[in-house]
Amino acid sequence: MPTVLIIDDSAFSRRVLRSHLEAGGYRVVEASDGLAGLERYSLERPDAVTLDLTMTGIHGLEVLEQLRQLDPHVRVLIATADIQSATREMSSLGGAAGYIQKPFSTEDVVARVGAVLRGEEAW
């Protein structure tokens, strides 16, 4: 069963995303901020990561950069309500493989995570 790490400072967003991922058959681990997410990634080495951009402490793009330093092959989906082209471009240039738009739907979450796990982009 593939494991997905959720990094998001919103407990509500983590809870909703967890329910969608578990419905899709994924094992889920969570982190409530960027620093905890980096630590959890190092310990768990999940198959994919969903990453909020706007968090207290370390911004999501900085977390993405540090994740890529830990593991150049990390599969990251940005979980955001901000789907502007500039945000997508910055995320893609930073090494993200796609995004999941808030508010989440089970179909979209499962499809995008599945695509990323198959080595595809999910923009």
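**Exercise 1. Salt bridges**

Determine how many salt bridges a search of the whole structure finds, and state in which elements R18 and E30 lie.

*Solution.* Step 1: The structure is a predicted model, in which local features need pLDDT of at least 70 and side-chain atom pairs count only at pLDDT 80 or more, while totals for chains, interfaces and linings use all residues. Residues are numbered from 1 along each chain as its sequence is written, and side-chain values use heavy atoms, with hydrogens and water left out.

Step 2: A salt bridge is a side-chain nitrogen of Lys or Arg within 4 Å of a carboxyl oxygen of Asp or Glu. The search of the whole structure gives 10 salt bridges.

Step 3: One pairing joins R18 and E30, whose closest N and O atoms are 2.6 Å apart. This pair links distant parts of the chain, 12 residues apart: R18 belongs to helix 1 (residues 11-23) and E30 to strand 2. Helices (H or I, at least four residues) and strands (E, at least two) are DSSP runs, numbered from the N terminus.

**Exercise 2. The sheet**

State the order of the five strands in the open sheet, and explain why one side of strand 2 and of strand 5 is left without a neighbour.

*Solution.* Step 1: The five strands of the open sheet follow the order 2-1-3-4-5, with parallel pairing; two strands pair if DSSP finds at least two bridges between them.

Step 2: Strand 2 (27-31) and strand 5 (98-101) stand at the edges with a single partner strand each, so one side of each has no neighbour in the sheet. On average, neighbouring strands of this sheet are turned by 25 degrees against each other, direction ignored. Axes are lines fitted to C-alpha atoms, for helices over the stretch in contact, and angles run from 0 to 180 degrees between N-to-C directions.

Step 3: Strand 1 (residues 3-7) and strand 3 (residues 48-51) run parallel and are joined by four bridges. L5 stands opposite V49 in strand 3.

Step 4: Helix 3 lies across strand 1, strand 3 and strand 4 (76-80), and runs at about 160 degrees to strand 3.

**Exercise 3. Helix packing**

Describe how helix 2 and helix 3 cross, and at what angle helix 1 and helix 5 pack.

*Solution.* Step 1: The axes of helix 2 (residues 34-44) and helix 3 (residues 60-70) come within 10 Å and cross at roughly 20 degrees. Helix 2 is therefore roughly parallel to helix 3. Angles under 35 degrees count as roughly parallel, over 145 as roughly antiparallel, 65 to 115 as roughly perpendicular and the rest as oblique.

Step 2: G34, L38, Y41 and S42 in helix 2 meet V63, Q66, L67 and L70 in helix 3, contact meaning heavy atoms within 4.5 Å.

Step 3: Helix 1 and helix 5 pack at about 65 degrees, with their axes 9 Å apart; they are therefore roughly perpendicular to each other. From helix 1, L17, H20, L21 and A23 meet T106, V109, V110 and V113 of helix 5.

**Exercise 4. Backbone details**

Identify where P103 and R45 are found.

*Solution.* Step 1: P103 is in the loop between strand 5 and helix 5 (106-117). The peptide bond from K102 to P103 is cis, with omega near 0 degrees.

Step 2: R45 is in the loop between helix 2 and strand 3. Although not a glycine, R45 has a positive phi of about 50 degrees.
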